Amino acid sequence: MNAGLVLVGASYRYAGASKLTLRSVDLRLDPGRVVGVVGPNESGKSTLCLVVTGLAPGVIGGRLQGSVGLDGVELTAMRPHELAQQCGLLFQNAASQLSNMAATVFEEIAFGPCNLGLPAAEVVERVWWALQTVGLEELASRDPARLSGGQGQLVALASVLALRPRYLLLDEPTSELDPAGTEFVAAALERIVQETGAGILLVEHKTDVLARIADEVVVLDHGAVVLSGSAAVVLADPRLAQLGVEPPGRVRVERAVRAAGLGWSAELAEAVE
Amino acid sequence: MTKAVLAVVGAIVAFGVRGWTGPAVVFVVVVLSAWTAGVLRRMAPFALATLPLVVSILVVNTFLYPNAHDAIATVGPFSPTWTGATAAAQATLRVVAFGLSAALFALTTPVDDLLVELERRGLGRRGSFVVGSALGAVPRTLERAREVADAQRARGMDTEGGLWRRFRGLVPLIGPVLFGALAEVEERTMALEARAFTAPGRRTILRSLPDSGWQRAGRWLLLIGSLAAVAVTLATPVRLP
């Protein structure tokens, strides 16, 4: 069986749009791996997430060409609730992801597992696990409508985790987080990969996060993959800056050191890390 | 559920029992209950919301009541009548009593409790979501309007002052609030799908609200009693004031 989430020549056009938003994208996400996605605004990163979860064209319409397969099965052959248990999507706007039907964070996170009709004990177990994974146990009884942007983002992430998907598609999960929150989420994602073996597609502007946890990085521009490969190589590629993507801090320091005519050593690299 | 039944009974009695007695009883019971629950002041906006309907009832009935000849006064072609004014006042009391009864229910019932109960009684996930979304839409829209207004003020727009100035200040709010809400619908639809909302079968219900035998019996008693009161006033010569 062809395991993994695999896009082959995937092109997507929104309903009513004249231009393609994704152009012939080839991408592979295997279980236990983290693939980072970067690119300038309007490069198709969020659309890629919608396509990979089957929401586009499944829910919002539009036209998909090429192939998007999950463990050898075309996504178009799967129903949305089946996909939700396989591919969990964290939206860029966390607030819109919340159900607005729950009085507490706990019930908000339980919304997805409850939809699956799981036994109550399993729902409770999953919710506590998700809360612990994102470090929000103390917020369990809080009103989800009264959270800060960062807390809301973490609750949305926990609500995705509670569905126990095998693949996680995260659209800028740290965009509303401060450096400490970003660091926390990066550590949580590393833990999720290790503990659950989930594959993660991580759309992220903060390339330092990608440098830390991504195995591979894909760079999108105008809907097409313009760079791809191992995270270390792609994030050090000089073309990254031309594409509007700031390289990680380590790469910037290395360039500055070399530009100053100083030597760059493994010890120095380790110190910067 | 008991509070929902009380609101329904309030509507049945306010509109079904003839004369002043039905709406007056509902009005008094609702006001006293609201005072006891400490929500009397918060009911003012709900009472104001009935104002357009009340004004139209007063005008139409007072001036155009059919076959009424006991004119209060005659001003040109208009002849308001005592019969019409009495009917208008009674209809107004019915509307206000019902409106306040519904308001009392809304102000004293947490939305999530209502949704849990409705779902437990078989409304289904879609039905309860529609109810929950509708109830949640009002505070969300107000919140968004406040955010947009703050943003517009920060850019120099004047939204304070006289009525005309405030009205002009509303115009730039309408677009962002309306289009923002419409854009949110698509995102929310996708988010629901991503959270397995359309999975077949019943949802898991994590909690149930206490519901004693006394409460159940009381609900039936209220429903049967209110329907009986309506039947008595409609089908028998008994005339309530």
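Here are some questions and answers about this predicted model.

User: In what order do the 6 strands of the open sheet in chain A lie, when the pairing is mixed?
Analyst: Happy to walk you through it! The edge strands are strand 6 (87–90) and strand 10 (224–230) of chain A, as each pairs on one side only. Neighbouring strands of this sheet are turned by 15° against each other on average, direction ignored. Reading across the sheet gives the order 6-7-8-3-9-10.

User: Which residue is the bridge partner of A:L90 in strand 7 of chain A?
Analyst: Start with the two strands. Strand 6 of chain A pairs with strand 7 (residues 167–171) of chain A in the parallel sense, over 4 bridges. In strand 7 of chain A, the partner of A:L90 is A:L170.

User: Which helix of chain A packs on the sheet, touching strand 6 and strand 7?
Analyst: The direction of this helix makes about 170° with that of strand 6 of chain A. A:G152 is found in it too. The helix, residues 149–161 of chain A, is helix 7.

User: Is A:G152 buried or exposed?
Analyst: Let's look at its surroundings. Leaving aside neighbours within four places in sequence, A:G152 is in contact with A:A94, A:A95 and A:L147. Its C-alpha atom is separated by 9.5 Å from that of A:N93, although the two are 59 residues apart along the chain. A residue needs 20 or more other C-beta atoms within 10 Å to count as buried; A:G152 has 21 C-beta neighbours inside 10 Å, so it is buried.

User: In chain A, which strands are at the edges of the open sheet of 4 strands?
Analyst: The pairing in this sheet is antiparallel, and the strands come in the order 2-1-4-5. An edge strand pairs on one side only. That description fits strand 2 (22–29) and strand 5 (73–74) of chain A.

User: Which residue does A:V6 stand opposite in strand 4 of chain A?
Analyst: Strand 1 (residues 5–13) and strand 4 (residues 63–70) of chain A run antiparallel and are joined by 7 bridges. Helix 1 (residues 45–52) of chain A lies across strand 1, strand 2 and strand 4, running at about 120° to strand 1. In strand 4, the residue opposite A:V6 is A:G69.

User: How are helix 5 and helix 6 of chain A placed relative to each other, oblique or parallel?
Analyst: Helix 5 (residues 105–115) and helix 6 (residues 120–133) of chain A pack at an angle of about 125°, with axes 9 Å apart. Their crossing is right-handed. Among the residues making the contact are A:F106 and A:I109 of helix 5 and A:V123 and A:R126 of helix 6. From the angle, helix 5 and helix 6 of chain A are therefore oblique.

User: What is the radius of gyration of chain B?
Analyst: Chain B has 9 helices and 0 strands, and its C-alpha atoms fill a box of roughly 65 × 55 × 35 Å along the principal axes. Of its 241 residues, 20% count as buried. The globule rule gives 18 Å for 241 residues, and chain B is more spread out than a compact globule because its radius of gyration is well over that, at 23 Å.

User: Which helix of chain B gives the most to the side that touches chain A?
Analyst: In all, 26 residues of chain B are in contact with 30 residues of chain A. Helix 6 (111–120), helix 7 (125–154) and helix 8 (163–194) of chain B are the elements giving two or more residues to that side. With 9 residues, the one that gives the most is helix 8 of chain B.

Notes
Residues are numbered from 1 along each chain as its sequence is written. Chains are lettered from A and ligands numbered from 1 in the order in which they are written. This is a predicted model: local features need pLDDT of at least 70, side-chain atom pairs count only at pLDDT 80 or more; totals for chains, interfaces and linings use all residues. Two strands pair if DSSP finds at least two bridges between them. Axes are lines fitted to C-alpha atoms, for helices over the stretch in contact, and angles run from 0 to 180 degrees between N-to-C directions. Two residues are in contact if their C-beta atoms, placed from the backbone, lie within 7 Å. The radius of gyration is taken over C-alpha atoms; the globule rule is 2.2 Å times the number of residues to the power 0.38. A residue is buried if 20 or more other C-beta atoms lie within 10 Å of its own, exposed if 12 or fewer, and partly exposed in between; C-beta atoms are placed from the backbone. Angles under 35 degrees count as roughly parallel, over 145 as roughly antiparallel, 65 to 115 as roughly perpendicular and the rest as oblique. A crossing is left-handed if the near helix is turned anticlockwise from the far one by less than a right angle, and right-handed if clockwise.
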